[in-house]
Structures are given as structure tokens and as C-alpha cells.
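Thanks for passing this one along. Here are a few notes to read with the viewer open.

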Amino acid sequence: MDKSTENVTLYAGVINDVLKNYKDKQVEYKELFDIANGYDFTKPSNKIPIDIYIKMCSWIEQRLGRFNLIRIGRNIGESTYETMMTNKILVGKCAPLEVMKALIVTAQLGVQDPKKRGWEIVSYTEKSIVMRRTQNFNSVLQIGLLDGLIRKSGALCVKVEFKQEVIKGADFDEYLITWL
């Protein structure tokens, strides 16, 4: 996977979604908040270098653990779903496959990348989808993001797991999403 970050930005709203989980711990987690110093997060549409997101996620994973990233991912998944509805990328009740197609569009709009990396649908069945991550997003956070998005579709008993992982030698992270 191409992990380059040059000229790649994302919207400040994503950073706000990460930080809002720790607003009441700004003193304890000063290092985390310091990563974002010097950037304007007052408008969710402000563009922030993706490196800031990557550094924040690494800090959280190393100091607070994977579960915290999954929880943040769920929050981002829920706010991403709301953005999809507000911007009419999704309209009304949608099946999981429609939500994943909308994720591809939303990632292209929300991440400014000259190489157009983001998400791909590898395969799908009536009760499963395999998604490939082609952007330099935190791999653990994406478990929560995908879970949160699929749950918003009304699917029950959602499970998201790695099908293959870059850290284990794969070219890309792929996620198997299943539901009832």
C-alpha cells in the first residue's frame, strides 16, 4: 500500500471527532492535543494534513489501546453516516452495500488526495461485504468506522474483522463485514 502523505488533507471535522472523546482530559492527554496545535479546527470543512490524523491515532493506539480507536471509529462512522444523509449521498433507509458505496464517495470528497486513494469494494454477498482500504487511514480505527456505518443501515449482529493486513505482509488491509 502506498503510504505517502504528501499533499493529502482531510477535513477538520474528522480531527474533531477524534478529539471530542477526550475533551474532558485535555490536561491528562496534553501530548495528544499538542499534535493538533497550530491548526484551525473551528470550521469542520477546514483542511488539515492527514499526518496530524495519523500521529493522533498512533498516540491513542500506543498509550490508550486499540479499543479506544475502535470506539472513535464508531463515532466517526456515525457522524459520517449523518454527513451522507445531510448531503444526500444516502437518502432514506439504505442497505449495507449502499452505505459502503456511499463511503467510497464520501472518502473521495472528505480526503483530498492527488492519488485518489480511499476505499474499494472487493466483493459482497447478501450478508457480507469485503472492503479494501487504499488510503493511509489508521487500520484499527477503520474497524469501528465500518461497524458504525453498517449498524446505521439497520443491520443486526454486525461483525468487522481483518481479512488481510498490511502489517502481516498483505498489499492492502481488507475487512470482512458480516451481519444478520
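The points below go through the salt bridges, one buried aspartate, a helix pair and a sheet.

1. Before anything else, please keep in mind that this is a predicted model. Every value below is computed from that model.

2. Let's start with charge pairing. Side chains of opposite charge can pair when their charged atoms come close. A search of the whole structure finds 14 salt bridges. Three of these pairs are picked out in the next points, together with one network.

3. The pair to look at near the start of the chain is Asp-2 with Lys-115, whose closest N and O atoms are 2.7 Å apart. Asp-2 sits in the segment before strand 1 (9-11), while Lys-115 belongs to the loop between strand 3 (111-112) and strand 4 (119-125), so this salt bridge ties together parts that are 113 residues apart in sequence. Asp-2 is partly exposed, at a relative accessible area of 31%. The pair is also part of a wider arrangement: a network of salt bridges links Asp-2, Asp-113, Lys-115 and Arg-117.

4. For a local pair, see Asp-34 and Lys-30, which form a salt bridge with 2.7 Å between the closest N and O atoms. Both residues lie in helix 2 (residues 30-35), four residues apart, or about one turn of the helix. Asp-34 is partly exposed at 32% relative accessibility, and Lys-30 is partly exposed as well, with a relative accessible area of 49%.

5. Is the salt bridge partner Arg-133 buried or exposed? With 4% relative accessibility, Arg-133 counts as buried, because the cut-off for buried is under 20%. Its side chain meets that of Asp-173 in a salt bridge, at 2.2 Å from N to O. The pair links distant parts of the chain, with Asp-173 in strand 7 (residues 173-178) and Arg-133 in strand 5 (residues 128-133), 40 residues apart. Asp-173 is buried too, with a relative accessible area of 2%. You may want to look at the 2.2 Å N to O distance in the viewer.

6. Another acidic residue for your list is Asp-147, found in helix 6 (residues 139-152). Asp-147 is buried, with a relative accessible area of 4%. Which residues does Asp-147 contact, leaving aside its neighbours within four places in sequence? They are Arg-74, Val-158 and Val-160.

7. Now to the helix packing. Helix 3 (residues 50-64) and helix 4 (residues 66-86) pack with their axes 7 Å apart, at an angle of about 135°. The two helices are therefore oblique to each other. On the helix 3 side, the contact involves Cys-57, Ile-60, Glu-61 and Leu-64; on the helix 4 side, Arg-66, Asn-68, Leu-69 and Ile-72. By class, the residues of this contact divide into five nonpolar, one polar and two charged.

8. Finally, the sheet. Strands of a sheet pair through backbone hydrogen bonds, either parallel or antiparallel. Here, three strands form an open sheet in the order 2-1-3, with antiparallel pairing. Strand 2 (47-49) and strand 3 are the edge strands, each pairing on one side only. Strand 1 and strand 2 are joined by three bridges, and Leu-10 has Ile-48 in strand 2 as its bridge partner. Helix 1 (residues 12-19) packs on the sheet, where it touches strand 1 and strand 2, and its direction makes about 70° with that of strand 1. Helix 3 lies across strand 1 and strand 2 too, running at about 60° to strand 2.

Methods:
Residues numbered from 1 in each chain as written. Predicted model: local features only at pLDDT ≥ 70, side-chain atom pairs only at ≥ 80, totals over all residues. Heavy atoms only, no water. Salt bridge = Lys/Arg side-chain N within 4 Å of Asp/Glu carboxyl O. Buried < 20%, exposed > 50% of the residue type's maximum accessible area, 1.4 Å probe, protein only. Axes fitted to C-alpha atoms, helices over the stretch in contact; angles between N-to-C directions. Parallel < 35°, antiparallel > 145°, perpendicular 65-115°, else oblique. Contact = heavy atoms within 4.5 Å. Nonpolar A, V, L, I, M, F, W, Y, C, P; charged D, E, K, R; others polar. Pairing = 2+ DSSP bridges.
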